[in-house]
Amino acid sequence: METSHDTLRATFWKPALTAGKGPRYLRLASFIEQSVADGRLRPGDRLPAQRELASWLGIDFTTVTRAYNRARDRNAIEGRGPLGTFVSTPRVALDQVLDLGMNIPPAPAGLFLGELLQKGVDEVLRHTDASMLMAYQLGDGGVADRQAGALWLTPMLGQLDPADVLVCPGAQATLAALLLMDTARDETVLCEPIVYPGLRSAARSLGRQLESVESDDEGMLPDALATTAQRHRARLVYLNPTLQNPTTRTLSERRRRELIAVADRLDLTLIEDDPYWRLTPDAPPPLARLAPHRVHYISTLSKCLTPGLRTAYVRLASGRQRDIFLSTLHSFALMAPPLMAGLATQWIHDGTADRIMDGVKEAAAQRQAIAAEILGDGQAQPMPGIHLWHALPTPWTARELTIAARAEGLAVTPADAFCLSADAPNAIRISLGGVRDPERLASALKRLRSLLREAPPSLRAAIV
(Lines give C-alpha, C1' and ligand atoms only; values in the text may rest on other atoms or scores of the structure.)
Protein backbone atom coordinates (compact mmCIF):
# COMPACT_ATOMS: atom_id res chain seq x y z
CA MET A 1 0.00 0.00 0.00
CA GLU A 2 1.27 3.45 -0.86
CA THR A 3 1.93 6.14 1.66
CA SER A 4 -0.81 8.24 3.18
CA HIS A 5 -2.58 10.63 0.80
CA ASP A 6 -1.36 8.76 -2.32
CA THR A 7 -3.78 6.80 -4.42
CA LEU A 8 -3.87 3.13 -3.37
CA ARG A 9 -2.54 0.67 -5.96
CA ALA A 10 -4.83 -1.44 -8.11
CA THR A 11 -3.55 -4.68 -6.57
CA PHE A 12 -4.92 -3.68 -3.20
CA TRP A 13 -8.49 -3.69 -4.59
CA LYS A 14 -8.46 -7.03 -6.38
CA PRO A 15 -10.03 -8.96 -3.44
CA ALA A 16 -12.75 -6.34 -2.97
CA LEU A 17 -15.51 -8.26 -4.76
CA THR A 18 -14.54 -11.85 -3.95
CA ALA A 19 -15.56 -11.86 -0.28
CA GLY A 20 -18.96 -11.43 1.27
CA LYS A 21 -22.45 -11.70 -0.16
CA GLY A 22 -24.98 -9.41 -1.71
CA PRO A 23 -24.75 -6.80 -4.48
CA ARG A 24 -21.32 -5.75 -5.65
CA TYR A 25 -21.61 -2.24 -4.25
CA LEU A 26 -22.30 -3.64 -0.77
CA ARG A 27 -19.33 -6.01 -1.03
CA LEU A 28 -17.08 -3.15 -2.10
CA ALA A 29 -18.38 -0.90 0.70
CA SER A 30 -17.85 -3.68 3.23
CA PHE A 31 -14.30 -4.18 1.96
CA ILE A 32 -13.57 -0.49 2.50
CA GLU A 33 -15.06 -0.50 5.99
CA GLN A 34 -13.27 -3.70 7.00
CA SER A 35 -9.98 -2.38 5.63
CA VAL A 36 -10.39 0.74 7.77
CA ALA A 37 -11.27 -1.36 10.80
CA ASP A 38 -8.24 -3.65 10.53
CA GLY A 39 -5.79 -0.89 9.63
CA ARG A 40 -5.08 -1.74 5.99
CA LEU A 41 -6.58 1.65 5.19
CA ARG A 42 -5.33 4.43 7.43
CA PRO A 43 -6.80 7.86 8.14
CA GLY A 44 -5.78 10.22 5.37
CA ASP A 45 -5.23 7.56 2.69
CA ARG A 46 -6.57 8.74 -0.66
CA LEU A 47 -8.87 6.33 -2.47
CA PRO A 48 -8.82 5.89 -6.25
CA ALA A 49 -11.09 8.05 -8.36
CA GLN A 50 -14.37 6.27 -8.91
CA ARG A 51 -13.92 5.78 -12.66
CA GLU A 52 -10.40 4.54 -12.08
CA LEU A 53 -11.51 1.97 -9.52
CA ALA A 54 -14.39 0.87 -11.74
CA SER A 55 -11.89 0.23 -14.53
CA TRP A 56 -9.55 -1.74 -12.25
CA LEU A 57 -12.38 -3.97 -10.99
CA GLY A 58 -14.24 -4.28 -14.27
CA ILE A 59 -17.51 -2.96 -12.87
CA ASP A 60 -19.86 -0.05 -13.58
CA PHE A 61 -18.99 3.44 -12.41
CA THR A 62 -22.42 3.58 -10.69
CA THR A 63 -21.54 0.54 -8.58
CA VAL A 64 -18.43 2.29 -7.24
CA THR A 65 -20.41 5.47 -6.62
CA ARG A 66 -22.97 3.56 -4.55
CA ALA A 67 -20.21 1.81 -2.62
CA TYR A 68 -18.45 5.09 -1.84
CA ASN A 69 -21.76 6.64 -0.77
CA ARG A 70 -22.38 3.69 1.54
CA ALA A 71 -18.92 3.96 3.11
CA ARG A 72 -19.30 7.74 3.39
CA ASP A 73 -22.69 7.39 5.11
CA ARG A 74 -20.98 5.16 7.69
CA ASN A 75 -18.18 7.70 8.22
CA ALA A 76 -15.46 5.39 6.85
CA ILE A 77 -14.46 7.81 4.10
CA GLU A 78 -14.99 11.48 3.27
CA GLY A 79 -15.00 13.56 0.11
CA ARG A 80 -12.75 16.61 -0.14
CA GLY A 81 -14.00 18.15 -3.35
CA PRO A 82 -11.46 18.25 -6.19
CA LEU A 83 -8.81 16.67 -3.94
CA GLY A 84 -10.64 13.35 -4.05
CA THR A 85 -11.95 10.83 -1.52
CA PHE A 86 -10.01 9.98 1.64
CA VAL A 87 -10.21 7.63 4.59
CA SER A 88 -11.85 9.63 7.37
CA THR A 89 -9.83 10.86 10.27
CA PRO A 90 -11.08 9.70 13.67
CA ARG A 91 -13.89 11.89 14.86
CA VAL A 92 -13.80 13.22 18.36
CA ALA A 93 -17.30 12.88 19.73
CA LEU A 94 -17.96 16.11 21.56
CA ASP A 95 -21.40 14.86 22.54
CA GLN A 96 -21.21 11.34 23.92
CA VAL A 97 -24.95 11.06 24.60
CA LEU A 98 -26.72 8.22 22.81
CA ASP A 99 -30.14 9.63 21.99
CA LEU A 100 -32.99 7.38 23.09
CA GLY A 101 -35.16 10.44 23.63
CA MET A 102 -35.85 11.95 20.19
CA ASN A 103 -38.65 10.06 18.42
CA ILE A 104 -37.52 9.83 14.81
CA PRO A 105 -37.61 6.94 12.34
CA PRO A 106 -34.44 4.91 11.85
CA ALA A 107 -32.57 5.00 8.57
CA PRO A 108 -34.34 2.64 6.15
CA ALA A 109 -32.80 -0.80 5.90
CA GLY A 110 -31.08 -1.54 2.62
CA LEU A 111 -31.33 2.03 1.31
CA PHE A 112 -29.08 5.07 1.43
CA LEU A 113 -30.89 8.32 2.01
CA GLY A 114 -28.03 10.38 0.62
CA GLU A 115 -28.27 8.60 -2.71
CA LEU A 116 -32.07 8.82 -2.78
CA LEU A 117 -31.94 12.47 -1.81
CA GLN A 118 -29.51 13.32 -4.59
CA LYS A 119 -31.53 11.46 -7.20
CA GLY A 120 -34.83 12.87 -5.95
CA VAL A 121 -33.62 16.47 -5.94
CA ASP A 122 -32.19 16.00 -9.44
CA GLU A 123 -35.63 14.86 -10.61
CA VAL A 124 -37.35 17.79 -8.88
CA LEU A 125 -34.95 20.26 -10.52
CA ARG A 126 -35.50 18.63 -13.90
CA HIS A 127 -39.24 19.23 -13.72
CA THR A 128 -39.42 22.46 -11.73
CA ASP A 129 -38.03 25.95 -12.20
CA ALA A 130 -35.36 26.30 -9.50
CA SER A 131 -36.35 29.91 -8.85
CA MET A 132 -39.86 28.72 -7.92
CA LEU A 133 -38.41 26.36 -5.34
CA MET A 134 -36.73 29.30 -3.64
CA ALA A 135 -39.77 31.62 -3.75
CA TYR A 136 -42.73 32.15 -1.46
CA GLN A 137 -45.60 29.81 -2.33
CA LEU A 138 -48.64 30.58 -0.25
CA GLY A 139 -51.50 28.14 -0.48
CA ASP A 140 -52.16 24.48 0.09
CA GLY A 141 -49.55 23.06 -2.30
CA GLY A 142 -49.49 22.70 -6.06
CA VAL A 143 -51.68 20.28 -7.99
CA ALA A 144 -48.97 17.59 -8.09
CA ASP A 145 -48.31 18.06 -4.35
CA ARG A 146 -51.97 17.59 -3.47
CA GLN A 147 -52.20 14.59 -5.76
CA ALA A 148 -49.21 13.09 -3.97
CA GLY A 149 -50.88 13.79 -0.63
CA ALA A 150 -54.07 12.09 -1.76
CA LEU A 151 -52.03 9.10 -2.94
CA TRP A 152 -50.17 8.93 0.38
CA LEU A 153 -53.44 9.04 2.35
CA THR A 154 -55.22 6.41 0.26
CA PRO A 155 -54.25 3.40 2.45
CA MET A 156 -55.63 5.24 5.48
CA LEU A 157 -58.64 7.11 4.13
CA GLY A 158 -59.43 5.54 0.77
CA GLN A 159 -59.67 7.44 -2.49
CA LEU A 160 -59.63 11.21 -1.96
CA ASP A 161 -60.18 14.23 -4.16
CA PRO A 162 -56.76 15.98 -4.18
CA ALA A 163 -58.64 19.26 -3.67
CA ASP A 164 -59.50 17.98 -0.16
CA VAL A 165 -55.84 17.48 0.79
CA LEU A 166 -53.74 20.35 2.17
CA VAL A 167 -49.94 20.35 2.17
CA CYS A 168 -48.59 21.78 5.44
CA PRO A 169 -45.16 22.46 7.02
CA GLY A 170 -45.20 19.61 9.50
CA ALA A 171 -47.67 18.24 12.03
CA GLN A 172 -46.83 20.67 14.84
CA ALA A 173 -47.71 23.78 12.82
CA THR A 174 -50.83 22.03 11.57
CA LEU A 175 -51.90 21.16 15.10
CA ALA A 176 -51.41 24.75 16.25
CA ALA A 177 -53.49 26.06 13.33
CA LEU A 178 -56.32 23.64 14.14
CA LEU A 179 -56.34 24.73 17.79
CA LEU A 180 -56.51 28.37 16.76
CA MET A 181 -59.22 27.71 14.17
CA ASP A 182 -61.56 25.61 16.30
CA THR A 183 -61.18 27.09 19.80
CA ALA A 184 -61.03 30.45 21.53
CA ARG A 185 -58.48 31.59 24.08
CA ASP A 186 -58.89 29.81 27.45
CA GLU A 187 -61.23 27.26 25.88
CA THR A 188 -60.73 23.62 26.89
CA VAL A 189 -59.40 20.94 24.57
CA LEU A 190 -59.88 17.32 25.65
CA CYS A 191 -57.19 14.64 25.42
CA GLU A 192 -55.95 11.50 27.13
CA PRO A 193 -54.09 11.76 30.46
CA ILE A 194 -50.81 10.72 28.79
CA VAL A 195 -50.41 12.76 25.63
CA TYR A 196 -48.01 13.89 22.91
CA PRO A 197 -45.86 16.74 24.33
CA GLY A 198 -46.36 18.81 21.19
CA LEU A 199 -50.01 19.25 22.11
CA ARG A 200 -49.04 20.46 25.57
CA SER A 201 -46.61 23.05 24.24
CA ALA A 202 -49.01 24.27 21.53
CA ALA A 203 -51.90 24.62 23.96
CA ARG A 204 -49.74 26.44 26.49
CA SER A 205 -48.37 28.87 23.90
CA LEU A 206 -51.80 29.57 22.42
CA GLY A 207 -53.62 30.01 25.72
CA ARG A 208 -55.79 26.90 25.40
CA GLN A 209 -56.55 24.67 28.37
CA LEU A 210 -56.07 20.93 28.25
CA GLU A 211 -58.30 18.60 30.21
CA SER A 212 -57.68 14.88 30.41
CA VAL A 213 -60.40 12.30 29.88
CA GLU A 214 -60.27 9.11 31.91
CA SER A 215 -58.83 6.22 29.93
CA ASP A 216 -58.26 2.50 30.33
CA ASP A 217 -56.00 -0.01 28.61
CA GLU A 218 -58.04 0.41 25.41
CA GLY A 219 -57.80 4.20 25.39
CA MET A 220 -60.19 7.07 26.10
CA LEU A 221 -63.45 5.96 27.76
CA PRO A 222 -66.58 6.98 25.81
CA ASP A 223 -68.70 7.69 28.90
CA ALA A 224 -65.89 9.73 30.42
CA LEU A 225 -65.57 11.70 27.17
CA ALA A 226 -69.26 12.58 27.28
CA THR A 227 -69.14 13.62 30.94
CA THR A 228 -65.95 15.67 30.62
CA ALA A 229 -67.05 17.38 27.40
CA GLN A 230 -70.34 18.47 28.97
CA ARG A 231 -68.69 19.61 32.19
CA HIS A 232 -66.14 21.81 30.38
CA ARG A 233 -68.33 22.71 27.39
CA ALA A 234 -65.54 21.44 25.20
CA ARG A 235 -65.87 21.25 21.43
CA LEU A 236 -62.50 19.81 20.39
CA VAL A 237 -60.85 16.47 21.21
CA TYR A 238 -57.29 15.41 20.40
CA LEU A 239 -56.48 11.74 19.78
CA ASN A 240 -53.39 9.86 18.66
CA PRO A 241 -55.19 6.51 18.30
CA THR A 242 -52.61 4.31 16.54
CA LEU A 243 -49.35 3.43 18.34
CA GLN A 244 -49.95 6.34 20.65
CA ASN A 245 -46.98 8.46 21.59
CA PRO A 246 -45.74 7.53 24.17
CA THR A 247 -47.70 4.48 25.37
CA THR A 248 -47.78 2.60 21.99
CA ARG A 249 -51.45 1.83 22.66
CA THR A 250 -53.73 1.38 19.62
CA LEU A 251 -57.47 1.93 19.98
CA SER A 252 -59.61 -0.94 18.75
CA GLU A 253 -62.12 -0.30 16.00
CA ARG A 254 -64.91 -0.87 18.52
CA ARG A 255 -63.57 1.83 20.83
CA ARG A 256 -63.11 4.19 17.88
CA ARG A 257 -66.73 3.78 16.86
CA GLU A 258 -67.89 4.33 20.45
CA LEU A 259 -65.95 7.60 20.66
CA ILE A 260 -67.35 8.74 17.32
CA ALA A 261 -70.86 8.02 18.57
CA VAL A 262 -70.25 10.35 21.54
CA ALA A 263 -68.80 13.00 19.23
CA ASP A 264 -71.86 12.80 16.97
CA ARG A 265 -74.21 13.09 19.92
CA LEU A 266 -72.44 16.10 21.43
CA ASP A 267 -71.29 17.72 18.17
CA LEU A 268 -67.58 17.37 19.00
CA THR A 269 -64.76 17.76 16.48
CA LEU A 270 -61.84 15.33 16.69
CA ILE A 271 -58.22 15.97 15.75
CA GLU A 272 -56.70 12.66 14.69
CA ASP A 273 -52.91 12.86 14.82
CA ASP A 274 -51.92 9.67 12.98
CA PRO A 275 -48.19 9.55 12.20
CA TYR A 276 -47.69 5.83 12.88
CA TRP A 277 -50.59 4.19 11.03
CA ARG A 278 -48.37 2.93 8.22
CA LEU A 279 -45.97 1.41 10.75
CA THR A 280 -48.72 -0.71 12.30
CA PRO A 281 -49.65 -4.09 10.82
CA ASP A 282 -53.42 -4.55 10.57
CA ALA A 283 -54.14 -1.11 12.05
CA PRO A 284 -57.84 -0.36 12.58
CA PRO A 285 -59.35 2.16 10.16
CA PRO A 286 -58.62 5.76 11.17
CA LEU A 287 -61.34 7.74 12.88
CA ALA A 288 -61.39 9.97 9.80
CA ARG A 289 -62.33 7.02 7.60
CA LEU A 290 -65.15 6.04 9.94
CA ALA A 291 -66.46 9.60 10.34
CA PRO A 292 -64.87 12.01 7.84
CA HIS A 293 -67.39 14.75 8.68
CA ARG A 294 -66.23 14.72 12.31
CA VAL A 295 -62.41 14.46 12.10
CA HIS A 296 -59.47 16.65 11.11
CA TYR A 297 -56.85 14.12 9.97
CA ILE A 298 -53.08 14.79 10.15
CA SER A 299 -50.48 12.51 8.57
CA THR A 300 -46.86 13.66 8.78
CA LEU A 301 -43.92 12.20 6.89
CA SER A 302 -41.54 13.05 9.74
CA LYS A 303 -42.28 9.97 11.83
CA CYS A 304 -42.40 7.36 9.08
CA LEU A 305 -39.95 8.59 6.40
CA THR A 306 -37.59 11.30 7.63
CA PRO A 307 -38.02 14.52 9.67
CA GLY A 308 -36.12 16.61 7.14
CA LEU A 309 -39.03 16.58 4.68
CA ARG A 310 -41.03 18.88 7.00
CA THR A 311 -44.22 17.92 5.19
CA ALA A 312 -47.60 16.87 6.51
CA TYR A 313 -50.87 16.16 4.72
CA VAL A 314 -54.16 17.27 6.24
CA ARG A 315 -57.75 16.51 5.47
CA LEU A 316 -60.21 18.78 7.25
CA ALA A 317 -63.54 17.63 8.62
CA SER A 318 -65.26 20.21 6.44
CA GLY A 319 -64.09 21.67 3.16
CA ARG A 320 -65.79 24.91 4.16
CA GLN A 321 -63.04 25.45 6.73
CA ARG A 322 -60.24 25.36 4.14
CA ASP A 323 -59.74 29.11 3.73
CA ILE A 324 -60.00 29.78 7.47
CA PHE A 325 -57.47 27.05 8.22
CA LEU A 326 -54.99 28.28 5.61
CA SER A 327 -55.31 31.87 6.76
CA THR A 328 -54.66 30.76 10.33
CA LEU A 329 -51.72 28.58 9.36
CA HIS A 330 -50.12 31.31 7.23
CA SER A 331 -50.22 33.74 10.12
CA PHE A 332 -47.24 31.92 11.65
CA ALA A 333 -46.05 29.34 9.07
CA LEU A 334 -46.18 30.70 5.53
CA MET A 335 -45.60 27.48 3.64
CA ALA A 336 -44.18 24.01 3.53
CA PRO A 337 -40.59 24.33 2.23
CA PRO A 338 -41.10 24.09 -1.55
CA LEU A 339 -37.98 22.02 -2.18
CA MET A 340 -38.86 19.49 0.52
CA ALA A 341 -42.52 19.38 -0.49
CA GLY A 342 -41.39 18.85 -4.07
CA LEU A 343 -39.08 16.05 -2.99
CA ALA A 344 -41.91 14.40 -1.05
CA THR A 345 -44.12 14.70 -4.13
CA GLN A 346 -41.44 13.18 -6.36
CA TRP A 347 -40.81 10.30 -3.96
CA ILE A 348 -44.49 9.49 -3.57
CA HIS A 349 -45.22 9.58 -7.30
CA ASP A 350 -42.19 7.48 -8.32
CA GLY A 351 -42.55 4.91 -5.51
CA THR A 352 -39.45 5.93 -3.55
CA ALA A 353 -41.56 6.90 -0.53
CA ASP A 354 -43.02 3.40 -0.34
CA ARG A 355 -39.51 1.91 -0.62
CA ILE A 356 -38.31 4.13 2.22
CA MET A 357 -41.41 3.22 4.22
CA ASP A 358 -40.69 -0.48 3.79
CA GLY A 359 -37.06 0.09 4.78
CA VAL A 360 -38.06 2.03 7.89
CA LYS A 361 -40.48 -0.73 8.90
CA GLU A 362 -37.76 -3.34 8.46
CA ALA A 363 -35.25 -1.29 10.45
CA ALA A 364 -37.84 -0.54 13.16
CA ALA A 365 -38.71 -4.24 13.48
CA GLN A 366 -35.03 -5.09 13.84
CA ARG A 367 -34.64 -2.46 16.55
CA GLN A 368 -37.77 -3.54 18.39
CA ALA A 369 -36.42 -7.11 18.40
CA ILE A 370 -33.14 -5.85 19.86
CA ALA A 371 -35.01 -3.94 22.55
CA ALA A 372 -37.25 -6.91 23.36
CA GLU A 373 -34.25 -9.19 23.75
CA ILE A 374 -32.31 -6.79 25.98
CA LEU A 375 -35.07 -5.15 28.03
CA GLY A 376 -37.91 -7.66 27.78
CA ASP A 377 -38.74 -10.74 29.76
CA GLY A 378 -38.38 -13.05 26.79
CA GLN A 379 -42.13 -13.61 26.58
CA ALA A 380 -43.64 -10.53 24.95
CA GLN A 381 -43.53 -10.12 21.19
CA PRO A 382 -41.70 -7.05 19.85
CA MET A 383 -43.93 -4.05 19.23
CA PRO A 384 -44.21 -2.32 15.86
CA GLY A 385 -43.19 1.31 15.60
CA ILE A 386 -40.21 3.44 16.54
CA HIS A 387 -40.59 3.77 20.31
CA LEU A 388 -41.55 1.79 23.38
CA TRP A 389 -43.03 2.55 26.79
CA HIS A 390 -40.98 0.97 29.56
CA ALA A 391 -42.22 0.60 33.11
CA LEU A 392 -39.47 1.01 35.71
CA PRO A 393 -38.65 -1.36 38.55
CA THR A 394 -38.83 -0.24 42.14
CA PRO A 395 -37.11 1.75 43.62
CA TRP A 396 -36.24 3.72 40.48
CA THR A 397 -38.33 6.76 39.60
CA ALA A 398 -38.58 8.07 36.05
CA ARG A 399 -37.02 11.40 36.94
CA GLU A 400 -34.11 9.84 38.85
CA LEU A 401 -33.46 7.35 36.08
CA THR A 402 -33.44 10.12 33.47
CA ILE A 403 -30.76 11.98 35.42
CA ALA A 404 -28.72 8.84 36.07
CA ALA A 405 -28.97 7.78 32.43
CA ARG A 406 -27.73 11.17 31.30
CA ALA A 407 -24.67 10.72 33.50
CA GLU A 408 -24.12 7.40 31.68
CA GLY A 409 -24.36 9.07 28.27
CA LEU A 410 -27.96 8.08 27.53
CA ALA A 411 -30.97 10.31 26.84
CA VAL A 412 -34.45 9.00 27.65
CA THR A 413 -37.77 10.75 28.23
CA PRO A 414 -39.57 10.45 31.60
CA ALA A 415 -43.32 9.93 31.85
CA ASP A 416 -44.01 13.35 33.34
CA ALA A 417 -43.07 14.94 30.00
CA PHE A 418 -46.30 13.45 28.63
CA CYS A 419 -48.68 13.78 31.58
CA LEU A 420 -51.13 16.56 32.41
CA SER A 421 -51.24 15.74 36.11
CA ALA A 422 -48.47 15.33 38.65
CA ASP A 423 -49.51 11.69 39.09
CA ALA A 424 -47.40 10.30 36.25
CA PRO A 425 -46.79 6.57 35.86
CA ASN A 426 -43.33 5.31 36.74
CA ALA A 427 -42.16 4.79 33.17
CA ILE A 428 -39.98 6.19 30.41
CA ARG A 429 -40.32 6.40 26.66
CA ILE A 430 -37.43 4.86 24.76
CA SER A 431 -37.06 6.00 21.17
CA LEU A 432 -35.29 3.55 18.91
CA GLY A 433 -34.52 5.59 15.81
CA GLY A 434 -32.18 8.26 17.11
CA VAL A 435 -29.13 6.03 17.56
CA ARG A 436 -27.78 5.53 14.09
CA ASP A 437 -26.48 1.96 14.10
CA PRO A 438 -28.26 -1.13 15.50
CA GLU A 439 -25.00 -2.15 17.18
CA ARG A 440 -24.75 1.15 19.04
CA LEU A 441 -28.45 0.91 19.92
CA ALA A 442 -27.86 -2.52 21.44
CA SER A 443 -24.92 -1.11 23.40
CA ALA A 444 -27.06 1.79 24.65
CA LEU A 445 -29.89 -0.51 25.73
CA LYS A 446 -27.45 -2.79 27.53
CA ARG A 447 -26.08 0.20 29.43
CA LEU A 448 -29.64 1.14 30.33
CA ARG A 449 -30.38 -2.42 31.48
CA SER A 450 -27.26 -2.44 33.64
CA LEU A 451 -28.32 0.84 35.18
CA LEU A 452 -31.79 -0.49 35.99
CA ARG A 453 -30.27 -3.47 37.76
CA GLU A 454 -28.39 -1.18 40.12
CA ALA A 455 -29.79 0.73 43.05
CA PRO A 456 -30.63 4.41 42.36
CA PRO A 457 -27.95 6.90 43.50
CA SER A 458 -30.22 8.21 46.28
CA LEU A 459 -30.63 4.73 47.72
CA ARG A 460 -26.91 3.98 47.42
CA ALA A 461 -26.16 7.21 49.28
CA ALA A 462 -28.61 6.28 52.01
CA ILE A 463 -27.02 2.87 52.43
CA VAL A 464 -23.56 4.39 52.66
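Contact here means heavy atoms within 4.5 Å. I will use the word in that sense throughout. The model is a predicted one, and I will go through three residues and one helix pair.

I start with His-387. This residue sits in strand E13, which covers residues 387-391. Is His-387 buried or exposed? Its relative accessible area is 1%, and the cut-off for buried is under 20%, so His-387 is buried. Setting aside neighbours within four places in sequence, the contacts of His-387 include a run of names from Leu-243, Gln-244, Asn-245 and Pro-246 to Thr-248. Tyr-276 and Gln-368 are also among them, as are Arg-429, Ile-430, Ser-431 and Leu-432. Asn-103 is in that list too, and with Asn-103 there is something further to report: the two side chains, His-387 and Asn-103, are joined by a polar contact of 3.3 Å.

Next, Ser-302. This one is in a loop, between strand E11 (295-300) and strand E12 (312-315). Ser-302 has a relative accessibility of 5%, so it also counts as buried. Which residues does Ser-302 touch, not counting those up to four places away in sequence? They are Pro-105, Pro-307 and Arg-310. With Arg-310, the side chain of Ser-302 makes a polar contact of 3.3 Å.

The third residue is Leu-266, in helix H11, residues 253-266. Leu-266 is partly exposed, at 23% relative accessible area. The lower limit for that class is 20%, which is why Leu-266 is not called buried. Beyond four places in sequence, Leu-266 is in contact with Ala-226, Ala-229 and Gln-230. As for Leu-225, its C-alpha lies 10.0 Å from that of Leu-266, with the two positions 41 residues apart in sequence numbering.

Last, the helix pair. Helix H7, residues 143-157, packs with helix H14, residues 338-350. The angle is about 50°, and the axes are 9 Å apart. That angle makes H7 oblique to H14. What is the handedness of the crossing? The crossing of H7 and H14 is left-handed. On the H7 side, the contact is made by Ala-144, Asp-145, Gln-147, Ala-148, Leu-151 and Trp-152. H14 contributes Ala-341, Gly-342, Thr-345, Ile-348 and His-349. By class, the residues of this contact are 6 nonpolar, 4 polar and 1 charged.

To recap the burial calls: His-387 and Ser-302 are buried, and Leu-266 is partly exposed.

Definitions and conventions:
Residues numbered from 1 in each chain as written. Predicted model: local features only at pLDDT ≥ 70, side-chain atom pairs only at ≥ 80, totals over all residues. Heavy atoms only, no water. Axes fitted to C-alpha atoms, helices over the stretch in contact; angles between N-to-C directions. Helix = DSSP H or I, 4+ residues; strand = E, 2+ residues; numbered from the N terminus. Parallel < 35°, antiparallel > 145°, perpendicular 65-115°, else oblique. Left-handed = near helix turned anticlockwise from the far one by under 90°. Nonpolar A, V, L, I, M, F, W, Y, C, P; charged D, E, K, R; others polar. Buried < 20%, exposed > 50% of the residue type's maximum accessible area, 1.4 Å probe, protein only. Polar contact = N/O pair within 3.5 Å; in protein donor to acceptor, adjacent residues only side chain to side chain.
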